[in-house]
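Visitor: Please pick one part of this model and look at it closely. Then set that part against the rest of the chain.

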Amino acid sequence: MEKQGSSEMEIIPSESHSYIKLLKVNREHLVTHVRNTQCLLDNLLQNDYFSAEDVEIVCACPTQPDKVRKILDLVQSKGEEVSEFFLYVLQRLADAYVDLRPWLSEISFSPSQLIQSKAVVNTDPVSRYSQKLRQQLGRDSKFILCYAQKEELLLEEMYTDTIVELVDFGNESLGSLGSLACLLDPSTGVLNEHGETIFVFGDAGVGKSMLLQRLQSLWAAGQLDAELRFFFHFRCRTFSCFKESASLCLRDLLFKHYCYPEQDPEEVFAFLLRFPHTALFTFDGLDELHSDFDLSREPDTSSPWEPAHPLVLLANLLSGKLLKGARKLLTARTGVEIPRHLLWKKVLLRGFSPSHLRAYAGKMFPERAVRQRLLDQLEANANLFSLCAAPLFCWIIFRCFQHFYDAFDGSPQLPDRTVTLTDVFLLVTEVHLNRTQPTSLVQRNTRSQTETFRAGRGTLRSLGQVAHWGMERSFFVFSQEEVQASEVQEGDLKLGFLRAVPELGLGGDEQSYEFFHLTLQAFFAAFFLVVDDTVGTRELLRFFQEWAPHGEAAAASCYPRFLPSQCLGGRGPAGEDPFKNKDHFHFTNLFLCGLLSKGKQKLLRHLVPAAALRRKRRALWACLFASLRSHLKSLPRVQSGSFSQVQAMPTFLWMLRCIYETQSEKVGQLAARGICANYLKLTFCNACSADCSALSFVLHHFPKRLALDLDNNNLNDYGVRELKPCFSRLTVIRLSVNQITDSGVKVLCEELPKYKILTFLGLYNNQITDVGARYVARILDECTGLTHLKLGKNKITSEGGKCLALAVKNSKSIFEVGMWGNQIGDEGAMAFAEALRNHPSLTNLSLAFNGISTEGGRSLARALQQNASLRIFWLTKNELDDEVAESLAEMLKVNQTLKHLWLIQNQITAKGIAQLADALQKNTGIMEICLNGNLIKPEEAKVFEGEKRIVCF
């Protein structure tokens, strides 16, 4: 019937404009697909096309199709203008009549000026609900939440972009994200077309929640994908608030516990089920989801109407068993992984770049002189500068600077000594405690730090008791009863450290609370462990059990399990922690070391009895050193030549961070003695630039020379600068895949030639240009023992290639050079040809994927006729043709020392390969010539099957 109507509609002469006839021809199509009659009635009544009696007649019809038929009868009976207006309503409110979009497009309806002047109101329940969501999210995301609840900062004025990268399953970069809207772009960064989850991860404080807040703001303003009509934002930690007996259906979770539709909730929910792709769910902080609830006892649910525990609903939403097709955005701290089959995209937040930091400073300090003074002092304090890569810590440090500026008549001076996280959090605490004091226009607060903490000891202990109670249970949201049990007073809440949970309803009518950030809860938990007289040694060191190997920790731990991985489709054994992320425990340990360090004794002796303080310090240091020795002994070892290599784990980094937090040279020396290997491998440990400070703090005490492998981390130029104290010990430095630019290479160039002990330098896959290549060339010139140089996949062109080639030519020690994936071209290749001629030591050389064509290839071939050192030569993925193959064939008749020649994926045909094969008749030295991916057909390759050293497929 529908097809017939469409066919008849097509033969209606366009000049007749008979809208009555159009409605008659397509009557059944409209009856079938018009689901919202109320919106039509509202607009017809408002524009006086229908009377109140007409509306009553329609509403008296028993079924929805009957109502549509009655509306059509009345509209057609009232003439062409009313029929045209009826179509105009359908066109203007396309979201309300989504099933009619193809038909409306097909008929090419164009209303008259008269009809266009009529007002159309959207009373569609789905549209109204979408608008309500936009208003709610716009309101909730307008201001940035701060420590002090006395001020509100507009998100639009303060939000600053950070480094956001799309990554693959192995966390290798796929490039920067152009904008937040690109998160939903199906044309870039998709890892699995069948996945539905965008997984955003990064270190604590790097800006994951802020990114979601910005995303909410963009959607509320209509600046995201127009197809997204629903945006549901949940924080994972609030799901931990539900009791084990809690049960609700998906509809109640979305409507009663998030945002309730003002009209026809059934119709809104039906639309959501029918078009799940119009919804975006964001779940913030998967790593903060902890519960005793055992999901393994509960069946999966795919029914949106069937009641289940909220955790079951969450798990089935993430797995796609509920609302399949809806897009989900999930955040978690670095180290958390989710099953690959759930992933659509994977996004890594790396924090502020130098330009981002300057932009943020401009927003925080509009006055140029003040801003420049801040940036100058940060430049002078490398540790603070590296901390500022994390937006949260950057904000804290900037607020401290603002405090100094306000307190000392506009002459702020940040400390010139090393500043640790403990120092920063102590200062934040002091600032907020002083804000509770009466202020005077003529007299500033003159209390010392000791007096401030002594006066606020009760408040800090109460907050610490709440924090510690939560840490023991991995809880981050607290009920009113739990807060009151710790004797937290109403005035304590006004400090801003503990705030009301924004979401309403998840915990019932009773107010819930949380600490502003996980690191702040960890600080207060550590403070409680230090200052509370009743805390014994065992309780003090409880969280250090998390450093033990997994089996031992499981046996010793009394903490509840995380949400089982089976809910996300994982296959881990029952009871295993699928996230393996315990940063909240690690941060608590770190602050313990900072608070119990020697430098903090002047403050703490006024808060803790001297005997208790000595006892806790002795216990902590004994545990710290025992843990470090035990951890290093348990790591796998490999003997490689003169090196005893150990693959360290992220836990080792946390130990180093804790040692660094003490700022005790004696502690650093003792820790260095416990390192019983001379090759430390810290690849894929999620190390950041600040971790290099901790590494240097310990390694510069190491008594012997050392190899350090930091490939595949997030060190950047700040990290290279922080490694300066230990360069005098390092013979092997591997810094590949670390976002290092020319600035970082300049530091290496300035420092490494001072010691001249370097043998291996790895800088593969960074952001080094020709400027950095000149610095590397200088290192090669001055470090005469350098044997291995890895510079592949950077941004080096012919100019940088020529500088490096000259340094290689002059080196008498270089053994291997890797230049894969640059763009040195023919000019660079000719320079390397000069370096190869009669070189005494170069054995392995890779110039693969460098844009080398005929001229460069022939130069290299001619040079190899005068080379007896090279054994392996990679020329893969260039533009080498048969002329180059001919020159290489001539070379092979002379050079008997080259063993492996890789010419994969070039432009060599069967003719060129035949010349290489003929040359092999006079060469007994070469073992293989790899030619896969060249311009040769399988039948042509059969000719060379007799020569086993020719590899074509």
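Guide: Start with the labels: helices are DSSP runs of H or I with at least four residues, strands are DSSP runs of E with at least two, and both are numbered from the N terminus. The model is predicted, so a local feature needs pLDDT of at least 70 and a side-chain atom pair needs pLDDT 80 or more, while totals for chains, interfaces and linings use all residues. Residue numbers run from 1 along each chain as its sequence is written, and side-chain values use heavy atoms, with hydrogens and water left out.

The part to look at is strand β16, which spans residues 706-709. Both of its faces are covered. Leu706 and Leu708 lie on one side, Ala707 and Asp709 on the other, and all four are buried. Buried means under 20% relative accessible area, exposed means over 50%, and partly exposed falls in between, with a 1.4 Å probe and protein chains only.

Now the neighbours of β16. Two strands count as paired if DSSP finds at least two bridges between them. Strand β15 (residues 679-681) pairs with β16 in the parallel sense, over 3 bridges. In that pairing, Leu680 stands opposite Leu708. Strand β17 (residues 730-734) also pairs with β16 in the parallel sense, over 4 bridges. Here Ala707 has Val732 as its bridge partner.

Next, the connections. From β16 the chain crosses through helix α34 (residues 716-722) to β17, and this β-α-β crossover is right-handed. Right-handed means that, with the strands pointing away from the viewer, the path from the first strand over the helix to the second runs clockwise. On the other side, β15, helix α33 (residues 689-699) and β16 make a right-handed β-α-β unit.

That is the close view. Now the wider chain. It has 42 helices and 25 strands. Of its 953 residues, 59% are buried. Take contacts between residues at least 6 apart in sequence: 78% of them join residues at least 24 apart. Contact means heavy atoms within 4.5 Å.

Compare the sheets elsewhere. One open sheet has 7 strands, in the order β4-β3-β9-β5-β8-β7-β6, with mixed pairing. Its edges are β4 (173-176) and β6 (230-235); each has a single partner strand, so one side of each is left without a neighbour in the sheet. Neighbouring strands in this sheet are turned by 20° against each other on average, direction ignored. At the β4 edge, strand β3 (residues 163-167) runs antiparallel to β4, and 3 bridges join them. Leu166 has Gly175 in β4 as its bridge partner.

Another open sheet has 3 strands, in the order β10-β12-β11, with antiparallel pairing. Its edge strands, β10 (478-479) and β11 (498-500), each pair on one side only. β10 and strand β12 (residues 512-515) run antiparallel, joined by 2 bridges. Phe478 has Tyr513 in β12 as its bridge partner.

A helix pair comes next. Helix α6 (residues 64-77) packs with helix α7 (residues 80-92) at an angle of about 135°, with the axes 6 Å apart. Axes are lines fitted to C-alpha atoms, for helices over the stretch in contact, and angles run from 0 to 180 degrees between N-to-C directions. α6 and α7 are therefore oblique to each other. The cut-offs are under 35 degrees for roughly parallel, over 145 for roughly antiparallel, 65 to 115 for roughly perpendicular, and oblique for the rest. Ile71, Leu72, Val75 and Gln76 in α6 meet Val82, Ser83 and Phe86 in α7.

Last, some loop residues. Lys793 lies between β19 (788-790) and α37 (798-810). Lys793 has a positive phi of about 55°, although it is not a glycine. At 36% relative accessibility, Lys793 counts as partly exposed. Asp264 sits in the loop between α13 (250-255) and α14 (265-274). Phi of Asp264 is also positive, near 45°, in a residue other than glycine. Asp264 counts as partly exposed, at 40% relative accessibility.

Glu227 is in the loop between α12 (208-220) and β6. Leaving out residues up to four places away in sequence, Glu227 touches Arg101, His277 and Thr278. Glu227 and His277 are 50 residues apart in sequence and 8.0 Å apart in space, C-alpha to C-alpha.
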